[in-house]
Structures are given as structure tokens and as C-alpha cells.
Amino acid sequence: MPIWVRRTLISIGVLAVVGGAAYYWLVVESRMPSDAEFAFDINQVRRAIAAVPGDKPATVEVEHVGSFQFPATAIVAGDGWALRDMPVYSFRLAYPDRSIIVDTALNEELGGGNLVTFDAEAYTRMMSAMTSASLILITHEHMDHIGGLTVHPDLVALLPSTALTREQVEHPERSLPARFPEGALDDYQPLEYEQFKVVAPGVALIKAPGHTPGSQMVYVQKANGQELLLIGDVAWHYRNIEVLRERARLVTRFFLNEDRTAVFGQLAALHELHLAEPDIAIVPGHDGGIVDGLLEAGILARGFSVE
Ligand SMILES: [Zn+2]
């Protein structure tokens, strides 16, 4: 064999090995790091909830405002390249005398070419429900959760009843392309808390930085005792919790700049929580199957009941 042929073959072999290793690392690898942990005690949260009197939410309503589609491996590393639905939701906790909005989806312009569907009527109902809400909560500062708030025509009037956390306000770069109008937050007093905080009867925030610095979960205990955990994008799909696999590193490192170890710790804690307390409805940020199942079970109600 001529020397140049041998050298070429060796080069191709080296490239294949390096390329294969890079592909595995970026797209497939998703082992639980040994130092992943998330301190979370559901009973502490329940005790704090029990100490706050008042009517709890009678219903938890959901609007499906639009949908993205991502390759499966972007959602659960190693799951391949078939496209999977990523519905975008807003939730409304309906009390006898008030309501709370959790997450505000986005408008069509913010979604741009990433949106495969957009429901203008759902969006209009959500924007209207925000106006009459006594409290607006955001699971995290990404545009598909904070976007409806940033573009709301009555933003100035909404801000006093909006509980953005300090971490969410301090990382506007994470919200792009969504952004608050220049100066809108200049006098805003963000919410500060450690670990968890009850913000209304039956509702607690649980700090969960990792996916973004301002990520938090929203624990809800309905009037009938049913518990829900709106986990934002700690997991996009329930499968992340089930098989304990994160998004592909290509996504977490180069698109999201995630604290991957922190998210792994949260996935493990939610996995354990589900084993110990299977009746708590864990609701990932973008899982149509889970939401449909909860609608069927009557744990969620379809559409916001606003004029
Ligand atoms: Zn999201």
C-alpha cells in the first residue's frame, strides 16, 4: 500500500473516531452526574401551605397557546431525530374570588418560524385573564413563558400583581427575543425568597435554578386536596423524569447555557417524589400527553373561563 493511501486511511479513521465521540457527547450522552442533588421536602411545603388559611383554587385551567416541534434527542438525549411536539401552555388557578396566572406563553411574533401552531383565540383569552388576575407567576424567564407578559399592552398596570423573582429580573438576556420595554422594571421590587414560599392559599413557589437562573416550580393544592407541581422546564417532557435523562448536551450547553448538574438533581428528586407520592400531578413545561391525561382525569380544565 502506498504511504499516502495509508496516511489518508489513518486520517479518515481518526476523524471518524473523533467525530463519533463528539456526536456521542453532544447528542446522546446523558448519565446522571454523581454530584447531582436537589434538596426538596414535599412535607415542608405542605406544612407551610396548611399554615395559610383561605379558599384554595377550585380549578386549574390550561390554555394551549401554540406549539413548537423539536427533535426527540433535543428533549431526551439519545431519543433520535424524529420530531416531537412541544406545546406551549399558560395556567390559570381559579379561586371563588380571584385568579392566579402561571406562565404567559408568547405571541406569534416572538415564536416566529419556531411555532408550528398558534391559537390566536387562546392567546386572547390568556391576555384578558392576565388583566383580571390577582397574581401573575412565571416559572422561568424564557420567552415562551414570560413573552405574553413582556408584550402585554397593560404591562404597567399588571406589574404590581406580577411576582417576578430577583433571579428572573436579573437575567434579561435569558428572555431574548422577549424583552420588557425600556425602563419598565426600573422601580420594580422583585420577589426574594429562600428555597420555597407560599404566595397564596394553596400555592407555593419552589426555587429550582438550573434550566435558567430564575427557574422555579409552582406547587398547587386544589380545594379538593388534589396536588399539582407545575415544574416549568426543569423537564420539557415527563420522559426526562421517568428515564432520568436530560436534554442533549448540544442543547443544554450551546443553546440554553444550563446548569446541567442542577437539572439532573431536580430530575432525580422528581423521580423519587413520583415513586413516593404518585398522586401528585407533575406537569412538565411542554408535555401534551401529560396535560391531555390530566384534562381527561379532571385534574386540569381546558381553556380559561374568562369573558
Ligand atoms: Zn419552555
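In this predicted model, Val-220 sits across from Leu-228, a residue of strand 9. That pair is a handy way into the sheet, since strand 8 and strand 9 are linked by four bridges and run antiparallel. A second pair in this stretch is Val-218, whose bridge partner in strand 9 is Leu-230. The two strands make up a hairpin, with five residues lying between them. In the turn of that hairpin, Gly-225 shows a positive phi of about 95°.

Strand 8 has a partner in strand 7 as well. Strand 7 (residues 203–207) pairs with strand 8 in the antiparallel sense, over five bridges. Here Val-220 turns up again, this time opposite Val-203. Strand 9 (residues 227–230), for its part, also pairs with strand 10, but in the parallel sense and over three bridges. Leu-228 of that pairing faces Ala-281 in strand 10. As a general point, the strands of a sheet pair through backbone hydrogen bonds, and they can do so either parallel or antiparallel.

Put together, these pieces belong to an open sheet of five strands in the order 6-7-8-9-10, with mixed pairing. At its edges are strand 6 (196–200) and strand 10 (281–283), each of which pairs on one side only. Direction ignored, neighbouring strands of the sheet are turned by 20° against each other on average.

How many of the residues of strand 8 are buried? The count is six of six for strand 8 (residues 216–221), so this strand is largely enclosed by the rest of the structure. Gln-216, Val-218 and Val-220 point one way from the strand, while Met-217, Tyr-219 and Gln-221 point the other way, and all are buried.

Several of these residues come back in the largest nonpolar core, which has 72 residues. Those with the most contacts inside this core are Met-126, Ile-206, Met-217, Val-218, Leu-230, Ile-231 and Val-283. Helix 5 (residues 120–132) gives the most to the core, with six residues. Nonpolar side chains in soluble globular proteins tend to be buried together. As for Ile-206, its contacts beyond four places in sequence are Phe-40, Val-45, Phe-196, Gln-216, Met-217 and Tyr-219.

Helix 5 deserves a look of its own. Its 13 residues reach 19 Å from first C-alpha to last, close to the 18 Å expected at 1.5 Å a residue. The buried residues in helix 5 are Ala-122, Tyr-123, Arg-125, Met-126, Met-127, Ala-129 and Met-130. Among the elements covering them are strand 1 (59–71), strand 2 (83–94), strand 3 (99–102) and strand 5 (135–137). Helix 6 (143–150) and helix 7 (155–158) are also part of that cover.

Glu-29 offers another setting. It is found in the loop between helix 1 (3–28) and helix 2 (42–50). Is this residue buried or partly exposed? Glu-29 has 15 C-beta neighbours inside 10 Å, so it counts as partly exposed, because being buried takes 20 or more. Neighbours within four places in sequence aside, Glu-29 is in contact with Tyr-24, Ala-77 and Arg-249. Its C-alpha atom is separated by 30 Å from that of Gln-195, which is 166 residues away along the chain.

Now for the whole chain. The secondary structure of the protein adds up to twelve helices and eleven strands. Its radius of gyration is 21 Å, close to the 19 Å given by the globule rule for 307 residues, so the protein is as compact as a globular protein of that length. The C-alpha trace spans about 85 × 45 × 40 Å along the principal axes. Of the 307 residues, 42% count as buried. Finally, among contacts between residues at least 6 apart in sequence, 71% join residues at least 24 apart.

Notes
Residues are numbered from 1 along each chain as its sequence is written. This is a predicted model: local features need pLDDT of at least 70, side-chain atom pairs count only at pLDDT 80 or more; totals for chains, interfaces and linings use all residues. The radius of gyration is taken over C-alpha atoms; the globule rule is 2.2 Å times the number of residues to the power 0.38. A residue is buried if 20 or more other C-beta atoms lie within 10 Å of its own, exposed if 12 or fewer, and partly exposed in between; C-beta atoms are placed from the backbone. Two residues are in contact if their C-beta atoms, placed from the backbone, lie within 7 Å. A nonpolar core is a set of buried Ala, Val, Leu, Ile, Met, Phe, Trp, Tyr and Cys residues joined through C-beta atoms within 7 Å. Two strands pair if DSSP finds at least two bridges between them. Axes are lines fitted to C-alpha atoms, for helices over the stretch in contact, and angles run from 0 to 180 degrees between N-to-C directions. The expected span of a helix is 1.5 Å times one less than its number of residues.
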